[in-house]
Amino acid sequence: MDFLAAGDLSTALDARAEHPEAELLAGGTDLMVEVNLSYHRPAGVIAVRSCEELLEWEGRRIGAAVTWARLEDGPHRALAQLARTIGSPQIRAAGTLGGNVATASPAGDGLPWIAAIDAEIEVASQRRGTRIIAWDEFFVGVKETTLAPDEIITAILLPEHMPVSQEFAKVGVRNVMVIAMVNCVVARGEDGFRVALGSVAPVPIRAYRAEEMINAETSISDAALTEFARIVSDEVRPISDHRSTEAYRRHASGVLARRLVERCLAA
Amino acid sequence: MTVGTKERVAAGIGENAPRPDGVAKLSGNFAYGSDLWIDGMLWGATLRSPYAHARLVELDITPAVVMSGVRAVLTQDDVPGRPTFGQVEPDQPVLCDGVARYWGEPVAIVAADDQETARAAVEAIIVEWEPLPPVTDPDQARAAGETYRDMVIRRGDADAAGSVVIEGEYETAIQDQAPLGPEAGLAIPDGSGGVDLHVTSQWIHIDHAQIIASLGMEPDDVRCHPVGIGGAFGAREDISLHIHVAMLALRTGRPVRIVYDRTESFAGHVKRHPARMRYRHEADDEGRLVKVTVDMVLDGGAYAHTSHAVLANASFFTVGPYKCDNVFVDAAVSRTNNPPAGAMRGFGAVQVCFAYESQMDRLAEVLGLHPLEVRRRNALGPGDPLATSGQIVEGSLPTLRVIDELESIPMPDAAIPDDPRRLPGGTGLTTPKDAVVRGVGFALGLKNLAFSEAFDDFSEVLLILTPAGLEIHTAAIEVGQGLVTICEQIARTVLGIEAVAWLSADTSQIGSAGSTSASRQTQMTGGAVYEAAVGLRDKILQQFGGDELTNDGVYDRGELVATLDAVTADGPIEQWVRYRHPPTEEPDEFGQGNPHAGFVVAAHRAVVDVDPELGLVRVVQIDTAQDVGKALNPQAIVGQLEGGIAQGVGFAIMEELIVEDGVILNPTFTDYLIPTLLDMPDVGSRLIEEPAHWGPFGAKGIGESPTISSTPAVVAAIRAATGRPLNRVPVRPQDIAGV
Ligand SMILES: Cc1cc2nc3c(=O)[nH]c(=O)nc-3n(C[C@H](O)[C@H](O)[C@H](O)COP(=O)(O)OP(=O)(O)OC[C@H]3O[C@@H](n4cnc5c(N)ncnc54)[C@H](O)[C@@H]3O)c2cc1C
């Protein structure tokens, strides 16, 4: 097998079971960059972008092949905000949430949203049927996930209680079309704030200590926000690389988290 | 005989004549170098060094040679002629000579039936390296005597002293030209031992000289043809794949095409020299410069390229467009194992402009003067000696006027914008309006026109008048700046004939037009067209006894005396010229003399919105007043002003090639960021017309000025907003945030 364009999930799952060495293709905006110029030669390709089940987006279930272009116009505010920052219109027309999740880049802009709302990843295989994985059990390292070779991500499952407000921000030196130095989502629900950040660890992370601190405040003062930002900066685990420094990423994490809490409060 | 209604010729100088290549470029029909294609061609690929410094222990090409579809695998042993090349000094091996001296240095080349096979063959080559410690510190290299050139300027009294002393150290990082069109070439054997080369270039004649030397061939055996350029900015001034693609074509007897991918492109062309500059300005209480002392080192990287001339520019323009009688400069350009540096828009004048304008701002601040006031008090003008070489400024240099005109441009709306895309952080939604601080900054820049230091700088043009109109034959390269249009406009205005066509010539058909660089082609090839057109016109008027030439033909006192058909009845009429600018001199050992053919000045005012806490910047507006001599095509000038500003903004806040141990860490457009439309400020401009003392209609070259002072203006504005010293460009978020 070289290339298969699957029209439905069962065809894709059969092909996946038979050819675990083949790569899945959704929008191709990550995969084709690798394939281009022969850096990477997949043994085979199974295209899932036309699988009906993966294109569905209803209620708590966002199909894995839903594109950023659709998410940009969707009802989830932070998801729409982050979708708008992904690449260019061409990339957003092709790229998918499922592809972002599967790539599991530390800078992937979709990931902090998934972490902030405590979404789950729904995956399927021919042999074992459907499995639902908590986000923090799915992302395990830099571009490393617990997806099995015969599995396909079918959907992102949203929790029953969605936050009442949610806000996203991303730092880069260019005002558009830029990989995050830090990205952050803050969600505010009945139980308080949840704070997730990307590009500051091998996987998307939650700032649990900072959440605990701010959620214990009865009225959120300026001093509390300052302390909150300090804890976020302390909690993240960034590295220095050619995109930014550890110190800056720590600093920006605190600033973004604080500003997003303020935005949630103002919403 | 009819009585003529003589109208001014359309699309002549001063008009926004449309570009003949414009629609094709906008509609995607223009053939760039990377579009070149011929049936039956082979594809070339290049094996490169993964180390900045390493000894080649073993190179076994056999596994590549035996692959099916591979037609040739060549190494340094296969170079038929001179094993090295270089524009000024032939010091770079055509292919690795046993030691790799920079990351990405070409080691072997392959031609194969298709691109995939060529790349696979490159990977199949067995190569073993012994890594050597790379020299990456230009100061260390300089201390060890490893320099391409040292410059000493001694002018005036070393004991002179001012009451105000400003000392500063400045650094500029590596900017890449990042032309969207990559290095590309097609070599076609001519069947009788020679070869036709179609390679992206800014100067095909200087390529030709280097190519024939390394191929060991006669000039007539190799023809270099101009091809469509997708951006140059200096990156197309030096040899990249030219000799390689010719070697492969000659070896296989088949056409061969090479196109670099983006990462290869970053490795495969010279960059802007990074610089470290230590400045000491001394001024009197009024802010007039008394003495400037500078020590600087540029990093030339692994091979010489144009480092020699870049250092001269950095040294001569070290004070900027300001008067000063006592100037002392020690400068060097070092040899290291960093990526080779060479020509890039502004050519040495960019780095020092960041330093001297930062100094001028600090001087103004200490004295409590407006930044423009301290510049006014020191402004260099016609008749003044250049602070460094002492050369008397000839012709025009409207330094005071660029300052005045800049101030007359309206400021943007003082309100911070509501649209989040127009705030710092843009679509990233990082920054609420109340976190934004606005700043305004100014900078002036000075640049020489055309080649300096006694270089025999000329451009050849052949004009041919036929019944269909005028043909301009030249080897000058259009790189997107609009040279074709300008030359056609000049010819139309001088000859009065509208039907003018530009016909690119290859190296066998005409002599050199010189490089499309150094802001020179409008004056040089434009000057050649002007001179040839005047000669042609006068010849015709004399022969047919008229006093004016128009689209209809020759008129004499208002009466048509010969139609164009009659004028060309005996065949086409030709006029050839080799145009030179006024001669320049080699400076003496203390940098004194007359090394320059002329100068151009510009001023920029930047308005920026800054998020000081996150260190993010949005440039709101940049206004500029530009000395243009004469605006031959105002729209083309504004195009240069805006494009130059985009590049200047890029260098101010995002464009940096990051190099560690000689290895480029971000050789992709994912990580080497250039401004997008959302990062581009609004631009206001004023064109100042004070004719130059040479060149067509007094026009000056303005290709480089826009990028020189726009960078320090942006940084000055960020300083004004934040109070941070910011002694390095590009300014990074952590520099502003102070973490
Ligand atoms: C110019 C450019 C700009 C970009 N900008 C951004 C940005 O700003 N932020 C950002 O986060 N990303 C960015 N990206 C990366 C990319 O666009 C996103 O990660 C996108 O979401 C990937 O989705 P896709 O559908 O194109 O994935 P593909 O390339 O089709 O697939 C990516 C990987 O996921 C696997 N895969 C795809 N679908 C599934 C599935 N259903 N189940 C299991 N595995 C699957 C594929 O096998 C492959 O390994 C950019 C990319 C480019 C080229």
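Which element supplies the largest share of the shell around the ligand? That would be helix 7 of chain A, with five residues. Keep in mind that this is a predicted model. Here's a quick tour of the ligand shell, the contact between chains A and B, the domains of chain B, and one helix of chain B worth a look.

**Around the ligand**

- There are 29 residues around the ligand, and those that come nearest are A:Ala26, A:Gly27, A:Gly87, A:Gly99 and A:Ala102.
- Helix 7 (97-103) of chain A has company: strand 2 (23-25), helix 2 (31-35), helix 6 (89-94) and strand 10 (152-157) of chain A also each supply at least two residues of the shell.
- Sorted by class, the shell comes out as 14 nonpolar, 12 polar and three charged residues.

**Where chain B touches chain A**

- Across this interface, 29 residues of chain B are in contact with 27 residues of chain A.
- On the chain B side, the elements giving two or more residues are helix 3 (115-124) and helix 18 (733-737).
- Helix 18 of chain B makes the largest contribution to that side, with three residues.
- As for chemistry, the chain B side splits into 12 nonpolar, nine polar and eight charged residues.

**Domains of chain B**

- Chain B is carved into three pieces: domain 1 (22-30 + 458-580), domain 2 (33-133 + 182-228 + 236-268) and domain 3 (275-452 + 588-737).
- Taken over C-alpha atoms, the centres of domain 2 and domain 3 of chain B sit 36 Å apart.
- Those two do meet: 17 residues of domain 2 of chain B are in contact with 21 residues of domain 3 of chain B.
- On the domain 2 side, helix 7 (residues 262-268) of chain B gives the most, with four residues.
- That side of domain 2 of chain B has six nonpolar, five polar and six charged residues.

**Helix 9 of chain B**

- Helix 9 of chain B covers residues 349-367, which makes 19 residues.
- From its first C-alpha to its last, helix 9 of chain B reaches 26 Å, close to the 27 Å expected at 1.5 Å a residue.
- Helix 9 of chain B is mostly covered, with 16 of its 19 residues buried.
- Just after helix 9 of chain B comes B:Gly368, which takes a positive phi of about 70 degrees.

Key. Residues numbered from 1 in each chain as written. Chains lettered and ligands numbered in written order. Predicted model: local features only at pLDDT ≥ 70, side-chain atom pairs only at ≥ 80, totals over all residues. Expected span 1.5 Å × (residues − 1). Buried ≥ 20, exposed ≤ 12 C-beta atoms within 10 Å, placed from the backbone. Contact = placed C-beta atoms within 7 Å. Nonpolar A, V, L, I, M, F, W, Y, C, P; charged D, E, K, R; others polar. Near = placed C-beta within 6 Å. Domains from an automatic or database assignment.
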